[in-house]
Amino acid sequence: MVLRRVIFLLFLLGLASCGNDNASSNNETLPSETPAEKGASLYTVNCATCHGEDGKMGGSGAKDLSQSHLSDKQIKKILQKGKNAMPPMSAILENEENMDFVIQHIKTLRK
Ligand code: HEC
């Protein structure tokens, strides 16, 4: 009789571990970046060297982005064409979508 109970318990354990396997296979997709996170990381990589993480650094005579009041359109133009010591950024940002993410990010640096 004891043997039958052990077999029954093993059977239950087997069922439980099958359940866990199914659950873990659903967890494999990586969490995707939100637009805000994308903008922040693009800024850190491509802009912070001159402008600083908070936009205030002013390297190579860069404007303080926390004091900037340009419209999205004006910012976009500077990013596409560059301005004085700031080189054009469109090739580095690769596409319009990334440019918009960065524009939204630098506006969060404003006071
Ligand atoms: C090589 C250094 C450098 C890098 C890299 C750089 N900038 Fe600039 N940025 C400047 C300089 C210098 C100016 C000031 C241009 C001027 O008006 O003479 C400027 C100006 C600006 C302005 C205009 C601010 C205003 O109110 O006039 C914006 C917006 C801006 N940068 C955004 C960015 C963004 C976004 C990135 C990254 C995609 C970036 N910059 C990367 C140097 C840089």
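**Exercise 1. Compare the reach of α6 with the span expected for its number of residues.**

Solution. Helix α6, where a helix is a DSSP run (H or I, at least four residues) numbered from the N terminus, has 13 residues and reaches 19 Å from its first C-alpha to its last. The expected span is 1.5 Å times one less than the number of residues, and for α6 the reach is close to the 18 Å expected at 1.5 Å a residue. The model is a predicted one, in which local features need pLDDT of at least 70 and side-chain atom pairs count only at pLDDT 80 or more, while totals for chains, interfaces and linings use all residues. Residues are numbered from 1 along each chain as its sequence is written.

**Exercise 2. Work out where the buried residues of α6 lie around the axis, and what covers them.**

Solution. A residue is buried if 20 or more other C-beta atoms, placed from the backbone, lie within 10 Å of its own, exposed if 12 or fewer, and partly exposed in between. By this criterion the buried residues of α6 are Met99, Phe101, Val102, His105 and Ile106. They cover an arc (taken from the directions from the helix axis to the C-beta atoms) of only 160 degrees, which puts them on the same side of α6. On the other side of α6, Glu96 and Glu97 are exposed. What covers the buried residues of α6 includes α2, α4 and α5 (90-93).

**Exercise 3. Carry out the analysis for α2.**

Solution. The 12 residues of α2 should span 16 Å at 1.5 Å a residue, and its end C-alpha atoms are 16 Å apart, which agrees. Gly39, Ala40 and Tyr43 are the buried residues of α2; they cover an arc of only 95 degrees around the axis, which puts them on the same side of α2. The cover over the buried residues of α2 includes α3 and α6.

**Exercise 4. Identify which helix gives the most to the largest nonpolar core.**

Solution. A nonpolar core is a set of buried Ala, Val, Leu, Ile, Met, Phe, Trp, Tyr and Cys residues joined through C-beta atoms within 7 Å. The largest such core has 11 residues, including Ala40, Tyr43, Cys47, Leu65 and Met99. Helices α2 (35-46) and α6 each supply at least two residues of this core, and α6 gives the most, with four residues.

Terms used. Contact = placed C-beta atoms within 7 Å.
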